Amino acid sequence: MKNETVNYPEITNERYRLNYHITAPAGWMNDPNGFCFYKGYYHIFYQHHPESVEWGPMHWGHSRSKDLVNWERLPIALFPGDKEDKDGCFSGSAIVKDDRLYLIYTGHNLKDENDPDSYWQNQNLAFSDDGINFQKYAGNPVISIPPADNADDFRDPKIWYKNGKYYIVIGSKNEVGLGRVVMYSSENLEHWDYLGPIATAKSVDSEGFVWECPDLFEIDGQDVLIMSPQGIKADELKYRNFFQTGYLIGKFDEDTHTLNHGEFTELDFGHDFYATQSMLTPDGRRVVFGWMDMWESPIPEQQDGWAGALTFPRELSMKDGKLLMTPVREIEKLRKKVLLEVIKPEQNTISFKAPTKSFEYLANFDGQNDVSVKVQDSERKSLLELNYRAVTGKVTLQKYNDDLLRETNITVSGQMDIHLLMDNSSAELFVNNGEACFSERVYDEKELTIETSSGSTNYDIKIYELGGEM
């Protein structure tokens with residue numbers, strides 16, 4: 001039987017605690033879940049193990065905001081331990097129906113308590129009339145078993161409503177070990193009809209053995225499937241993460257329920273970006289969160305009583321067949337004061353010692369010149385180094401604790417911008433209006449210096465101190 005009391009670990013050190021990013025009060029967190037707008041608030045839930053800094057039986061942590069940038073922590077929304085989710089309330093999504101907020105999530109159940117790799121998964125509902133207190137549906141599970149040709153992996157439902165029906169896509173793996181996304185439809189949220197796989201990996205090496213956290217939506221007249229595959233093999237300087245998050249663009253066939261799509265493309269090229277979830281805001285923007293960490297990577301804050309964070313929310317847009325990401329415009333509300341403003345300096349290199357680790361760096365450059373932005377600590381140790389090469393259009397990122405470059409190409413016409421968000425233990429870089437993005441956890445307790453270099457003095461920089469309410 002579920003236990004709705006928790007004993008959080010003690011936060012023993014604040015050195016890496018983030019200022020304006022969503023984190024749990026203590027304990028472990030990973031994937032964003034249930035991103036929605038309900039009764040005047042944006043709601044974001046997340047995978048949460050409240051009693052440990054390690055991954056464990058998943059709960060749903062919960063925060064809400066009126067403006068996407070100032071967040072209020074709320075009580076845990078879902079606890080595992082019932083017959084349909086005895087070993088975890090895994091990822092899912094949210095929808096509003098008849099002024100009631102519904103969550104649809106995966107129940108995780110071990111076949112053998114001593115074998116974490118032996119499990120079965122189903123899909124379940126919970127609901128709330130106030131957006132804070134949730135009750136599980138008495139008829140759970142609403143989808144009890146995966147399709148007949150599926151493996152045990154069957155999780156992370158993403159829901160939407162269209163033309164009088166509800167739809168979900170679910171991440172899975174087929175019986176021969178290829179990652180895929182399957183689709184269901186319903187007229188009432190309670191009874192679901194299987195429509196089949198909408199897309200399947202070509203091979204494990206190229207597209208993965210399981211697809212997690214799928215999200216299907218339309219943007220600028222094109223259909224986009226974002227998902228997080230596991231098992232893709234590194235290809236020269238592509239796919240250098242332990243696990244990727246990327247997308248397929250194409251056209252969804254309403255008759256066959258399949259996505260006719262192009263090649264898999266990474267969405268973020270940094271070390272720490274996984275398991276996205278998006279929503280359409282009331283003003284028509286497609287906004288997305290990701291988990292700002294990575295499986296199998298070191299997470300130093302675990303020794304301080306907590307682990308994990310969400311990215312800053314980002315607006316998605318489409319240009320020339322690419323998905324772009326930029327920080328939501330509401331970031332302006334977090335700007336406390338200008339720390340530096342430089343317009344066409346006399347020298348090619350500007351070095352700035354930041355009085356805080358929570359700041360926003362905005363710079364515009366002549367795209368015909370090479371550019372370098374370095375983040376260093378007070379002992380000149382390099383934490384991050386971003387380089388743009390004008391001749392090739394290549395953007396690379398070197399991180400202090402990894403000898404493998406992250407790399408991509410951009411297409412520059414005239415000006416090229418770099419937008420950097422720093423927090424106490426994170427950095428998010430957006431290059432050329434978000435054509436190239438790099439999400440990073442950065443751990444260093446010393447003061448930071450930002451060094452900007454360009455082949456021309458035709459550039460400008462503005463740095464703001466940032467602060468929010470968490």
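His-419 is buried in this predicted model: its relative accessible area is 12%, and because the cut-off for buried is under 20%, the residue falls on the buried side. You'll find His-419 in strand 30, which covers residues 415-423. Its side chain makes a polar contact with the side chain of Glu-360, at 2.7 Å. Glu-360 also turns up among the residues that His-419 touches, next to Tyr-361 and Leu-362. The rest of that list is Pro-327, Glu-428, Leu-429 and Phe-430, leaving aside anything up to four places away in sequence.

Now step back to the whole chain. The secondary structure comes to one helix and 34 strands. The radius of gyration is 22 Å, close to the 23 Å that the globule rule gives for 470 residues, so the chain is as compact as a globular protein of that length. Along its principal axes, the C-alpha trace spans about 70 × 50 × 40 Å. His-419 has plenty of company in being buried, as 62% of the 470 residues count that way. If you take the contacts with a separation of 6 or more, 58% of them are between residues 24 or more positions apart. As for the outside, the accessible surface comes to about 18400 Å², and carbon and sulfur atoms hold 44% of that.

What about the inside? In soluble globular proteins, nonpolar side chains tend to be buried together. Here the largest nonpolar core has 37 residues. The ones with the most contacts inside that core are Phe-35, Val-224, Ile-226, Leu-267, Phe-312, Leu-316 and Leu-323. Val-224 is a good one to click on: not counting residues up to four places away in sequence, Val-224 touches Asp-215, Leu-216, Phe-217 and Ile-219, then Tyr-247, Leu-248 and Ile-249, and also Met-318 and Leu-323. There is a second, separate core too, with 36 residues, including Phe-352, Ile-418, Phe-438 and Ile-461.

On to the sheets. Strands of a sheet pair through backbone hydrogen bonds, either parallel or antiparallel. One open sheet has five strands in the order 4-3-2-1-20, with mixed pairing. Strand 4 (71-78) and strand 20 (306-307) sit at its edges with a single partner strand each, so one side of each has no neighbour in the sheet. The parallel part of the mix includes strand 1 (residues 27-38) and strand 20, which pair over two bridges. To find the spot, look for Gly-27, which stands opposite Trp-306 in strand 20.

At the other end of that order, strand 3 (residues 59-65) and strand 4 run antiparallel and are joined by five bridges. Ser-63 stands opposite Arg-73 in strand 4. These two strands form a hairpin with five residues between them, and Leu-68 in the turn has a positive phi of about 75°.

Another open sheet has four strands, in the order 5-6-7-8, and here the pairing is antiparallel. The edges are strand 5 (89-97) and strand 8 (135-136); each has a single partner strand, so one side of each is left without a neighbour in the sheet. Strand 8 is held to strand 7 (residues 119-128) by two bridges. Within that pairing, the bridge partner of Phe-127 is Gln-135 in strand 8.

Note on methods: Residues are numbered from 1 along each chain as its sequence is written. This is a predicted model: local features need pLDDT of at least 70, side-chain atom pairs count only at pLDDT 80 or more; totals for chains, interfaces and linings use all residues. Side-chain values use heavy atoms; hydrogens and water are left out. Two strands pair if DSSP finds at least two bridges between them. A nonpolar core is a set of buried Ala, Val, Leu, Ile, Met, Phe, Trp, Tyr and Cys residues joined through side-chain atoms within 4.5 Å. Buried means under 20% relative accessible area, exposed over 50%, partly exposed in between (1.4 Å probe, protein chains only). Contact means heavy atoms within 4.5 Å. The radius of gyration is taken over C-alpha atoms; the globule rule is 2.2 Å times the number of residues to the power 0.38. Accessible areas come from the Shrake-Rupley method with a 1.4 Å probe; for residues, only the protein chains shown count as cover. A polar contact is a pair of N or O atoms within 3.5 Å; within protein, one must be able to donate a hydrogen and the other to accept it, and residues adjacent in sequence count only if both atoms are side-chain atoms.
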